[in-house]
Amino acid sequence: MSTLATATTTSVVPTPVDPDDRRPCEEDTVPHAFDPQHPRPVALGEVAAAAGAGPLSAAAAQTAVTGVAVATEDLRPGWLFVAVPGRRAHGSRHVHAARAAGAVAVLTDDAGARDAALAGLPTVVVPDPRAVLGAVARVVSGSADPGFPLFGVTGTNGKTTTVSVLDAVMRRLGWTTAMTSTAERRIADEVVASRLTTPEATELHAFLARARERHVEGAAIEVSAQGLTRHRVDGVWFDVAGFTNLSHDHLDDYADMDDYLRAKVQLFQPDRAGRGVVSLDSAAGRAVVRASGIPVETVTSDPDTAADWRVTVLEQRPDGTRFRIDGPGVHVTTAVPLLGRHMAADVGLAVAMLRAGGLGADELVGAVDGTLDVVVPGRMADASAATGPRVFVDFAHTPDAFAKSLAAIRAFTAGPVAIVLGADGDRDPSKRGPMGAVAATMADVVVVADHHPRFEDPDVIRAAVLDGARRSGGTASVVELADPAQAVRHALAAVGEDGVVYWAGPGLTDYRDVRGVHVPYSSFRDAQAALAEAGHPAREAVPVS
């Protein structure tokens, strides 16, 4: 029997998570999920020194601070309130509310200093409070040396998978672990949903301090480009940094792909990390190697590319992938319940990172050999019934991710393949046409629907995707059905009993964002309902522990 046949697959209960990296401002912040239970009071004078601010009065300098927050709803008595400029207004307008919530001091800029003074709170003034937030949070949280190895993963696609694999291997070793990804934050057995791919600096440093209290032995963190350029990971040093790939995304935040790459390369500098592992599966990998200021190793799943580590896919099936990993001192065959060569490549990257972090070869092989159970919430979630067409609901929202997922499906599917897709409103519009083009050239049926239109006109969003599909030269049947419920039912009927429907974009979110309103809707559950209506009752969902 194939090793792959023993790999565990799980039908996942959808978790409300939005994969998009949101811009933080005073109205759009993320509550602290994990704070230290035993904070150490820090004098405001020490905080001011960390921020590079001028001297305070003797009385102000002695003010004891036990936490930091950029949103008043996160504040606890004894904390420092950081008032930063937002997209709509300055955070200093909330200083009176901050004082009422127990704030004992304010960190702000010249524009916010007057409001802080009117509130009667000791104030630390710097030119750019967000730029010093990491240094301040590190001092207050005491997270400069968390006391365990820290792995950071950046890239366009594959970050969540790689972080999840890192965590799974460390747990198999018996370690107490922590992780923060697009999907979730977890310390030991405590889990919460995420809203930002990379937490705000205040939350991240508190997270590391809490992890130390829980005697964590290893942690993995997704590091987005925005997390680097918006100072969210400032003050954090990674033992090993990993790079997955670079493809078309986030050009609403960065001037061009070179600018986007430069943001990622920041992670591979001595002030951010000690060592690096870089995948060469995208052209940008070599650029990262050249620009790296730290020692790096390379990994690839491309048989024609030379690298220090190699991933060789041996078998692809609807329930997972079996492959071999070869690197310095490590030769192991394993299987995971994840679909496609790109998923195997992410596992290879995680294994190489653990080896670069000092894990012994024998110990690493023992943890990975045979099968490795990895759950990546929202990545190719299997909504299929026991009979009928297979349905995968995915978070993918870039042309490259579509291409890789559709290639993975084609590897085990003889029947027709349909893709249901939509594009996000208020996000990079330049990728909408390419998303449609990939869909039309790699699938047999393309159904363009609404996803999260947010404050954009959904007709305009769909038109851009449709234009890309129709100009691609692909042979797919292209249909526009704005209602996602109608779209998936059309796709199921189009592929018949032996086909596959790939629903790209929504993942396991349980709402659609329409003009700022979260309209309840689960694509995963609606796909199951559509199958049941067609005579294919859904399998019972099993909660993920």
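**Exercise 1. Decide whether Phe392 is buried or exposed in this predicted model.**

Step 1. Look up the relative accessibility of Phe392, which is 1%.
Step 2. Compare this value with the cut-off: a residue is buried if its relative accessible area is under 20%.
Step 3. Phe392 therefore counts as buried.

**Exercise 2. Classify the ring pair of Phe392 and Phe412, and find where each ring sits in the chain.**

Step 1. Remember that a pair of aromatic rings is described by the distance of the centres and the angle of the planes.
Step 2. For Phe392 and Phe412, the centres are 6.3 Å apart and the planes stand at 70 degrees.
Step 3. Planes over 60 degrees apart count as edge-to-face, so this pair is edge-to-face.
Step 4. Now locate the two partners: Phe392 lies in strand E19 (residues 390–394), while Phe412 is in the loop between helix H13 (399–410) and strand E20 (417–421). The pair links distant parts of the chain, 20 residues apart.

**Exercise 3. Do the same for Tyr254 and Tyr260, one of the 4 aromatic pairs in the structure.**

Step 1. Their rings are 5.7 Å apart, centre to centre, with 25 degrees between the planes.
Step 2. Planes under 30 degrees apart count as stacked, and this pair is stacked.
Step 3. Check the surroundings too: Tyr254 and Tyr260 are both buried.

**Exercise 4. Walk across the open sheet of 11 strands and explain what happens at its edges.**

Step 1. Write down the strand order, E10-E9-E8-E11-E7-E12-E13-E14-E15-E16-E17, and note that the pairing is mixed.
Step 2. Find the edges: strand E10 (190–193) and strand E17 (330–336) each have a single partner strand, so one side of each has no neighbour in the sheet.
Step 3. Add the twist, which averages 15 degrees from one strand to the next.
Step 4. Zoom in on E10: strand E9 (residues 184–187) runs antiparallel to E10 and is joined to it by 4 bridges. Among the bridge partners, Ile187 is matched with Glu190 in E10.
Step 5. Finally, place helix H11 (residues 341–356), which packs on the sheet and touches several strands, including E7, E12 and E17. The direction of H11 makes about 145 degrees with that of E15.

**Exercise 5. Describe the surroundings of Ala50.**

Step 1. Ala50 belongs to helix H1 (residues 44–51).
Step 2. With a relative accessible area of 27%, Ala50 is partly exposed.
Step 3. Leaving aside neighbours within four places in sequence, Ala50 is in contact with Ala135 and Val139.
Step 4. Ala50 and Leu133 are 83 residues apart in sequence, but 9.4 Å apart in space, C-alpha to C-alpha.

Notes. Residues numbered from 1 in each chain as written. Predicted model: local features only at pLDDT ≥ 70, side-chain atom pairs only at ≥ 80, totals over all residues. Heavy atoms only, no water. Pairing = 2+ DSSP bridges. Helix = DSSP H or I, 4+ residues; strand = E, 2+ residues; numbered from the N terminus. Axes fitted to C-alpha atoms, helices over the stretch in contact; angles between N-to-C directions. Contact = heavy atoms within 4.5 Å. Phe/Tyr/Trp six-rings, centres within 6.5 Å; stacked < 30°, edge-to-face > 60°. Buried < 20%, exposed > 50% of the residue type's maximum accessible area, 1.4 Å probe, protein only.
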